Amino acid sequence: MVTSNFNSQIGRDQFMELLVTQLRNQDPLEPVNQQDFLGQLAQFSSLQGIEQLNTNFAESLKFQQLSQGGALVGRSVEYTNAQGEPKTGLIDSARVLNGELRFQIGEDPVGLSDIAGVIRNA
């Protein structure tokens with residue numbers, strides 16, 4: 001029986017496989033209690049909802065990062081390059097790579113955490 005302490009590492013397919021296996025192998029003289037079965041279905045439904053919420057959140061976060069990064073494109077910034085040298089340059093582009101907002105400043109790929117400040121355009 002699947003317990004109420006459901007491990008979030010188990011995916012939707014594994015959960016359904018466990019549920020079907022449980023139903024196939026249950027004792028016909030003592031079938032699963034209807035309340036327990038409905039509880040398991042509710043857990044499955046919750047899992048689907050959480051997965052969809054996580055997907056929507058990730059997409060929303062990516063859009064938010066791109067919006068914020070797009071606002072900096074064309075702006076001059078102070079930043080630290082990959083060699084640890086402080087530099088000043090114009091942001092050419094912004095993109096999200098592996099969940100992190102990244103900028104292209106000339107030849108330098110720069111993360112948001114490497115930007116020390118935005119310089120007011122004259």
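Five strands form an open sheet, in the order E4-E3-E2-E1-E5, with antiparallel pairing. E4 and strand E5 (115–119) stand at the edges. Each of these two has a single partner strand, so one side of each is left without a neighbour in the sheet. Neighbouring strands are turned by 45° against each other on average, direction ignored. Helix H2 packs on this sheet and touches E2, E3 and E5. The direction of H2 makes about 150° with that of E2. The model is a predicted one.

Now walk through the strands, starting with E1 and E2. Strand E1 covers residues 76–80, and 5 bridges join it to E2. The two run antiparallel. Ser-76 stands opposite Leu-90 in E2. E1 and E2 make a hairpin with 5 residues between the strands. In that hairpin Gly-84 takes a positive phi, near 85°.

Next comes the pairing of E2 with E3. Here 6 bridges join the strands, again in an antiparallel arrangement. Val-96 has Leu-101 in E3 as its bridge partner. This hairpin has 2 residues between its strands. Asn-98 lies in the turn, with a positive phi of about 55°.

E3 then pairs with E4. Strand E3 (residues 100–105) and strand E4 (residues 108–111) run antiparallel and are joined by 4 bridges. Phe-103 has Val-110 in E4 as its bridge partner. Ile-105 stands opposite Asp-108 in E4. The hairpin of E3 and E4 has 2 residues between the strands. Gly-106 sits in its turn and has a positive phi of about 60°.

Where does Asp-92 belong, and what does Asp-92 touch? Asp-92 is found in strand E2. Leaving aside neighbours within four places in sequence, Asp-92 is in contact with Val-73, Gln-104, Ile-105 and Gly-106. Of these, Gly-106 is the residue with positive phi in the turn between E3 and E4. Ile-105 is the residue opposite Asp-108. Asp-92 is partly exposed, with a relative accessible area of 44%. Asp-92 and Gly-70 are 22 residues apart along the chain, and their C-alpha atoms are separated by 9.8 Å.

Charged side chains come next. How many salt bridges does the structure hold? There are 2 salt bridges. One joins the side chains of Asp-108 and Lys-87, at 3.2 Å from N to O. Asp-108 lies in strand E4 and Lys-87 in strand E2 (residues 86–97), so the pair ties together parts that are 21 residues apart in sequence. The two partners fall into separate accessibility classes. Asp-108 has 14% relative accessibility and counts as buried, because buried means under 20%. Lys-87 is partly exposed, with a relative accessible area of 33%.

The side chains of Arg-102 and Glu-100 also meet in a salt bridge, at 3.5 Å from N to O. Arg-102 is partly exposed, with a relative accessible area of 23%. Glu-100 counts as partly exposed too, at 36% relative accessibility.

Turn now to helix H1. This helix has 13 residues, 12–24. At 1.5 Å a residue, they should span 18 Å. The expected span is 1.5 Å times one less than the number of residues. The end C-alpha atoms of H1 are 18 Å apart, so the model agrees with the expected span.

Which residues of H1 are buried? They are Phe-15, Leu-19 and Gln-22. Seen down the axis of H1, these buried residues fall within an arc of 60°, so they line one face of the helix. Why should such a spacing give one face? An α-helix has 3.6 residues a turn, so residues three or four places apart point the same way. The other side of H1 has exposed residues: Asp-13, Glu-17 and Arg-24. What covers the buried residues of H1? The cover includes helix H2 (34–72).

H2 thus appears in two settings. H2 helps to cover the buried residues of H1. H2 also packs on the sheet, touching E2, E3 and E5.

Conventions: Residues numbered from 1 in each chain as written. Predicted model: local features only at pLDDT ≥ 70, side-chain atom pairs only at ≥ 80, totals over all residues. Heavy atoms only, no water. Buried < 20%, exposed > 50% of the residue type's maximum accessible area, 1.4 Å probe, protein only. Arc of directions from axis to C-beta. Contact = heavy atoms within 4.5 Å. Pairing = 2+ DSSP bridges. Salt bridge = Lys/Arg side-chain N within 4 Å of Asp/Glu carboxyl O. Axes fitted to C-alpha atoms, helices over the stretch in contact; angles between N-to-C directions.
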